[in-house]
Amino acid sequence: MPKAKRNTNDVEHPSDYFSDIDEWPNDWMAVEEDLEIGRGLLALFIPYVKHLIDERLAKKTIKNNGYHLKMLGGEIIERLNQADEDNRKLSPRELILHYVHEEGGPLLSFLDPNVKAELAQHMAYDATCRKLLKFVKLEST
């Protein structure tokens, strides 16, 4: 099935889709040192969102991907605060490579995979994570 295309007169910048995108690192932050990590993650997410816009994907598709990126950033920060303190020394790119795999992103701590609707949401999130991983790997070559 072909991807839905958006009108060429539509918006072109991530902030046109996500008015709060610059606040995501603040939303993820539990301790002060999280802010720098969150800003680094966002610096990797923004080119990916721009790529989606350049691909002329449907607005809903871009918004869904952004929603999943926001969840991923929060999950990475939460893991750093819960049990993975040693990973704070990793760069934002290394954090993505550590937590995101070919199967998808880290299991979302707030979703129950035994609930059908939440499993479907996690599967969509995993798809975004896989695409982000591919993008991050390509950007570094």
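Leaving out residues up to four places away in sequence, Leu44 touches Pro92, Arg93 and Ile96. The model behind this statement is a predicted one. Leu44 itself sits in helix 3, and with a relative accessibility of 23% it counts as partly exposed, since the cut-off for a buried residue is under 20%. Another long-range pairing turns up here too: the C-alpha atoms of Leu44 and Val136 are separated by 7.7 Å, although the two residues are 92 apart along the chain.

Stepping back to the whole fold, the protein has six helices and zero strands, so to speak an α-α-α-α-α-α pattern when read along the sequence. Its radius of gyration is 15 Å, which agrees with the value near 14 Å for a compact globule of 141 residues. Taken along the principal axes, the C-alpha atoms fill a box of roughly 45 × 35 × 30 Å. Of the 141 residues, 38% are buried. Contacts also reach across the chain: among those between residues at least 6 apart in sequence, 67% join residues at least 24 apart.

Next comes the inside of the protein. The largest nonpolar core has 33 residues, and the ones that touch the most other members are Leu41, Phe45, Ile62, Leu72 and Leu132. At least two residues of this core come from each of helix 2 (24-28), helix 3 (33-54), helix 4 (59-82), helix 5 (92-99) and helix 6. Helix 3 gives the most, with eight residues. For Leu132, the contacts beyond four places in sequence are Phe45, Tyr48, Leu69, Leu72 and Ile96; two of these names, Phe45 and Leu72, also appear among the core residues that touch the most other members.

Helix 6 deserves a look of its own. This helix has 24 residues and reaches 35 Å from its first C-alpha to its last, close to the 34 Å expected at 1.5 Å a residue. Its buried residues are His122, Tyr125, Asp126, Thr128, Cys129, Leu132, Leu133, Phe135 and Val136, and they pack against helix 3, helix 4 and helix 5.

One name in that list is charged. Asp126, found in helix 6 (residues 116-139), is buried yet has no salt bridge. The nearest side chain of opposite charge belongs to Arg130 and is 5.0 Å away, whereas a salt bridge calls for a nitrogen and an oxygen within 4 Å. Apart from neighbours within four places in sequence, Asp126 is in contact with Glu103, Gly104 and Gly105.

Elsewhere, charges do pair up. Side chains of opposite charge can pair when their charged atoms come close, and the structure holds seven salt bridges. One of them joins Lys70 to Asp20, with the closest N and O atoms 3.2 Å apart. This pair links distant parts of the chain, as Lys70 is in helix 4 and Asp20 in the loop between helix 1 (14-17) and helix 2, 50 residues apart. Both partners count as partly exposed, Lys70 at 25% relative accessibility and Asp20 at 30%.

A salt bridge also forms where the side chains of Glu33 and Arg88 meet, at 3.9 Å from N to O. Glu33 lies in helix 3 and Arg88 in the loop between helix 4 and helix 5, so this pair ties together parts that are 55 residues apart in sequence. The two ends have unlike surroundings: Glu33 is partly exposed, with a relative accessible area of 45%, while Arg88 is buried, at 13%.

A third pair stays inside one helix. Arg79 forms a salt bridge with Glu75, their closest N and O atoms being 3.3 Å apart. The two residues are four apart in helix 4 and are therefore separated by about one helical turn. Arg79 is partly exposed, with a relative accessible area of 26%, but Glu75 counts as buried at 3% relative accessibility. Beyond single pairs, salt bridges that share partners join Glu33, Asp34, Glu85 and Arg88 into one network.

Key: Residues are numbered from 1 along each chain as its sequence is written. This is a predicted model: local features need pLDDT of at least 70, side-chain atom pairs count only at pLDDT 80 or more; totals for chains, interfaces and linings use all residues. Side-chain values use heavy atoms; hydrogens and water are left out. Buried means under 20% relative accessible area, exposed over 50%, partly exposed in between (1.4 Å probe, protein chains only). Lys and Arg count as positive and Asp and Glu as negative; His and the chain ends are not counted. Contact means heavy atoms within 4.5 Å. A nonpolar core is a set of buried Ala, Val, Leu, Ile, Met, Phe, Trp, Tyr and Cys residues joined through side-chain atoms within 4.5 Å. The expected span of a helix is 1.5 Å times one less than its number of residues. The radius of gyration is taken over C-alpha atoms; the globule rule is 2.2 Å times the number of residues to the power 0.38.
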